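Hi everyone, thanks for making time. I'd like to walk you through one protein structure today, so have a look at the picture and follow along with me.

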Amino acid sequence: MAELGDALGEARASRGRPAGVVRIHAFRSAAETCLAPILPAFAEAYPDIVLDVTLDDAVVDMVAGGFDAAIRLGEVIERDMVAVRIGPDLRHVPVAAPGYLAAHGAPAHPRDLVHHRCIRWRWPGHLMPYAWEFFENGTWFEVAVDGPLIVNDKEMALRATLAGVGIGFPVERTVAEHVAAGRLVRLLEPWCAFFPGLHLCYPRQRQMAPALRAFVDALRNPQANLPAKAGSG
């Protein structure tokens, strides 16, 4: 009877506490920068919520895939979605290892990249590699680069760039440490403009499930909505 009383007490205490599964689709870079840092505090604050996270750089149909929310770049969010900015604007910048530049020289203009060995990246589900985008005179333009390597994993592209295989085109903040250490050199910066960074998006709905609301609030403002003790590390 005592154990039953304790169980009933716990049930009453948890009543009204957000619970359930929240299915999330996230770009891999988004999971590293926005999602992973809040996980300890979120698990402490909401022990009855399960975050079911799929890491994938493809742009999927959230509703058809059964996802409650997604974390992706602002430029690939469907118009009928609610989008909440959770990160700063970003930009891609060509980078190369000093050894590559010593052997092949540096491009003076983005269009010179067609004469260089470039490390290309393919969006999941796309046949052709991503065409590098630059900004000049108020207009974006593309350069269809070529080179010895095409990958669908940005970490592999970075390793190849560091090894001198060719010129890479990463998001600038992901290689800041390598640039500061002299392992990589930034190129063509005057033509590299910022674009909308990471956003949390979810379908418009009249009444949001409490578990999803807790996740949205935590990601938008973790300092205000998560325990300081767990989130401070």
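Let's begin with H92: with a relative accessibility of 17%, this residue counts as buried, because the cut-off for buried is under 20%. Before I go on, please keep in mind that what you see is a predicted model.

So where does H92 sit? Look in the loop that runs between β4 and β5, the latter being residues 95–96. And which residues does H92 touch, if we skip those up to four places away in sequence? They are Y130, F169, P170, V171, C192 and F195.

H92 also takes us to the largest pocket, which has a volume of about 950 Å³. There are 36 residues lining that pocket, and H92 is among the closest to its centre, together with K154, P170, V171 and T174. You may have noticed that P170 and V171 also came up as contacts of H92. Which elements give two or more residues to the lining? Those are α2 (28–35), β6 (119–121), β7 and α6. The top contributor is α6, which provides five residues.

Let's stay with α6 for a moment. This helix covers residues 154–162, and T161 is part of it. Is T161 buried or exposed? Its relative accessibility is 2%, so T161 is buried. Leaving out residues up to four places away in sequence, T161 touches V95, A96, A97, I119, G166, G168 and L184.

Okay, on to the sheet. Find the open sheet of five strands, and read across it in the order β2-β1-β3-β11-β4; the pairing is mixed. At the edges you have β2 (49–55) and β4, each of which pairs on one side only. On average, neighbouring strands of this sheet are turned by 25 degrees against each other, if you ignore direction. As a bit of background, strands of a sheet pair through backbone hydrogen bonds, and they can do so parallel or antiparallel.

Now zoom in on β11, residues 198–203. Five of its six residues are buried, so this strand is largely enclosed by the rest of the structure. On one side, β3 (residues 69–73) is joined to β11 by four bridges, and the two run antiparallel. If you want one pair to look for there, R72 has H199 as its bridge partner in β11. Then there is β4 (residues 81–85), joined to β11 by five bridges, again antiparallel. Two pairs to find here: V82 has Y202 as its bridge partner in β11, and A83 has C201.

Between those partners on β11 you'll find L200, and I'd like to spend a minute on its contacts. Setting aside neighbours within four places in sequence, L200 is in contact with A69, A70, I71, V82, A83, V84, I86, F215, V216 and L219. L200 also shows up in the largest nonpolar core, which has 58 residues: L113, W132, F134 and L200 are the ones that touch the most other members. And which helix gives this core its largest share? That would be α8 (residues 210–220), with seven residues.

Next, a small backbone puzzle. Most residues other than glycine have a negative phi. N137, though, has a phi near 55 degrees, which is positive, and N137 is not a glycine. L188 is another non-glycine residue with a positive phi, also near 55 degrees. Where are they? N137 lies in the loop between β7 (132–136) and β8 (139–143), while L188 is in the loop between β10 (185–186) and β11. As for their surroundings, N137 is exposed, at 76% relative accessibility, whereas L188 is buried, at 7%.

Last stop: A19, in the loop between α1 (2–14) and β1 (20–26). With a relative accessible area of 47%, A19 is partly exposed. How far apart are A19 and L212 in sequence, and how far in space? They are 193 residues apart in sequence, and 9.2 Å apart in space, going from C-alpha to C-alpha. Apart from neighbours within four places in sequence, A19 is in contact with D48, I49 and A211.

That's my tour, folks. Thanks for listening!

Notes: Residues numbered from 1 in each chain as written. Predicted model: local features only at pLDDT ≥ 70, side-chain atom pairs only at ≥ 80, totals over all residues. Heavy atoms only, no water. Buried < 20%, exposed > 50% of the residue type's maximum accessible area, 1.4 Å probe, protein only. Contact = heavy atoms within 4.5 Å. Pairing = 2+ DSSP bridges. Core = buried A, V, L, I, M, F, W, Y, C linked by side-chain atoms within 4.5 Å. Axes fitted to C-alpha atoms, helices over the stretch in contact; angles between N-to-C directions. 1 Å grid on protein atoms, 1.4 Å probe; cavity = no way out; pocket = protein on both sides within 12 Å on 5 of 7 lines; lining within 4 Å. Points joined across faces, edges and corners; volume = space filled by probe spheres on them.
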